[in-house]
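Here is a friendly walk through the open spaces and charged pairs of the structure shown below. Keep the 3D view at hand as you read.

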Amino acid sequence: MLFLVLGMGKTGSLVAEVARERGHSVRAMDINENSGAAALTPPTLAGVDAVIDFTNPEAAVENMRAVLSLGCRIVVGSTGWYAQLDAMKAIAERRNASLLYGTNFSIGVQKLFRLTADLARLDDYKFSIIETHHTTKLDAPSGTAITLKQIIEAVRPDADIEIASHRVGDAKGEHAVTAVSDCDVIELRYNAFSRRGFALGAVRAAEWLAHQPPGVWDFREISDQL
C-alpha cells in the first residue's frame, strides 16, 4: 500500500518508519511543506491508499477538509479538534470519503478504555483521572483523558470527575484512573514506554481503512478488528 504521512514530528516520523517496516510505500510531508493543506491536491493524492495525520489540531482540520473533499481516506491521530467532528463527518458523507479518528491508537489504551467502563459500574466510588505528557503537547487535558472521562460519565452521568494534567519533559503518555470509596481504592494505570505503540496502531488502522467502503469510524469501534 501507499500511505501519505502528514507531520514529521516524533510520532509522525515513527509512523512512517513502522509503515515501511510493514512493507508499505510511504510519502511524508512536514507541516511546513503543507501549510494550509495547500499540498493536498488530486495529483498528490493519486494512488494513495490512506493519509495518516499526526500534525496539530488546526492543521488536522485543514488536512481533513482537503482530503475528504477529494473523496479520499484519512486516519487522524491528532487530537484537540473534535469540535469540528460533525463538520468533518458531513464532508465525508457528501464526498463518499473515509475518516478514521481516535484519541489514542495504542491497543493497550483500548483495553484501558474497556476496563474503565467496567470500573465505572461500581457503586459508591468517586473517580479521578491523571494524565502526563511531554511539554510540547498542545492540548490539555489529553484526548485520551477526555475519552476516559466520557466513558465514566456514560455509566455515571452525575459523577464529578476531576482531570489533572501534567506536562513533563519527553513523557510518552501516562494515564491513571482512580476509584476511591470509604473502604478502598482501585487504580487502572497505563504508561507508554515509547511512541511505537501509537504508531503501530495508526498504521494498522490505515491498513484496515484502505479496505473499507466510505464511512466514518472512531478507532474504539474497530480496534478489535485489527
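The second largest pocket has a volume of about 210 Å³, and this is a predicted model, so all values are computed from it. Its lining counts 15 residues, and Y82, T103, T147, Q150 and D218 sit closest to the centre. Helix 5 (107-119), helix 6 and helix 8 (219-222) each give two or more residues to that lining, with helix 6 giving the most, four residues. By class, the lining of the second largest pocket has six nonpolar, seven polar and two charged residues.

Now turn to the largest pocket, with a volume of about 790 Å³. Its lining is made up of 36 residues, and those nearest the centre are T11, F54, T55, H134 and K137. Helix 1 (10-21) and helix 6 (143-155) supply at least two residues each, and the largest share, three residues, comes from helix 1. Polar residues number 20 in this lining, beside nine nonpolar and seven charged ones.

There is also one cavity of 30 Å³ or more. The space inside the largest cavity is about 30 Å³, and its lining consists of L6, G7, M29, D30, I31, N34, T55, A59 and N63. Four of these lining residues are nonpolar, four polar and one charged.

Next come the charged pairs. Side chains of opposite charge can pair when their charged atoms come close. The structure holds 11 salt bridges, and three of them are set out here.

| Salt bridge | Closest N to O distance |
|---|---|
| R22 and E207 | 2.8 Å |
| R121 and D118 | 2.7 Å |
| E131 and R167 | 2.9 Å |

What does the salt bridge between R22 and E207 tie together? R22 is in the loop between helix 1 and strand 2 (25-29), whereas E207 belongs to helix 7 (residues 196-209), so the pair joins parts that lie 185 residues apart in sequence. R22 is partly exposed, at 39% relative accessible area, while E207 counts as buried at 15%.

The salt bridge between E131 and R167 also links distant parts of the chain: E131 is in strand 6 (residues 126-133) and R167 in strand 7 (residues 162-167), 36 residues apart. E131 is buried, with a relative accessible area of 0%, and R167 is partly exposed at 24%.

In the pair of R121 and D118, R121 counts as exposed at 52% relative accessibility, and D118 is partly exposed at 46%. Finally, look for K10, D170, K172 and R195, which are joined in a network of salt bridges.

Methods
Residues numbered from 1 in each chain as written. Predicted model: local features only at pLDDT ≥ 70, side-chain atom pairs only at ≥ 80, totals over all residues. Heavy atoms only, no water. 1 Å grid on protein atoms, 1.4 Å probe; cavity = no way out; pocket = protein on both sides within 12 Å on 5 of 7 lines; lining within 4 Å. Points joined across faces, edges and corners; volume = space filled by probe spheres on them. Nonpolar A, V, L, I, M, F, W, Y, C, P; charged D, E, K, R; others polar. Salt bridge = Lys/Arg side-chain N within 4 Å of Asp/Glu carboxyl O. Buried < 20%, exposed > 50% of the residue type's maximum accessible area, 1.4 Å probe, protein only.
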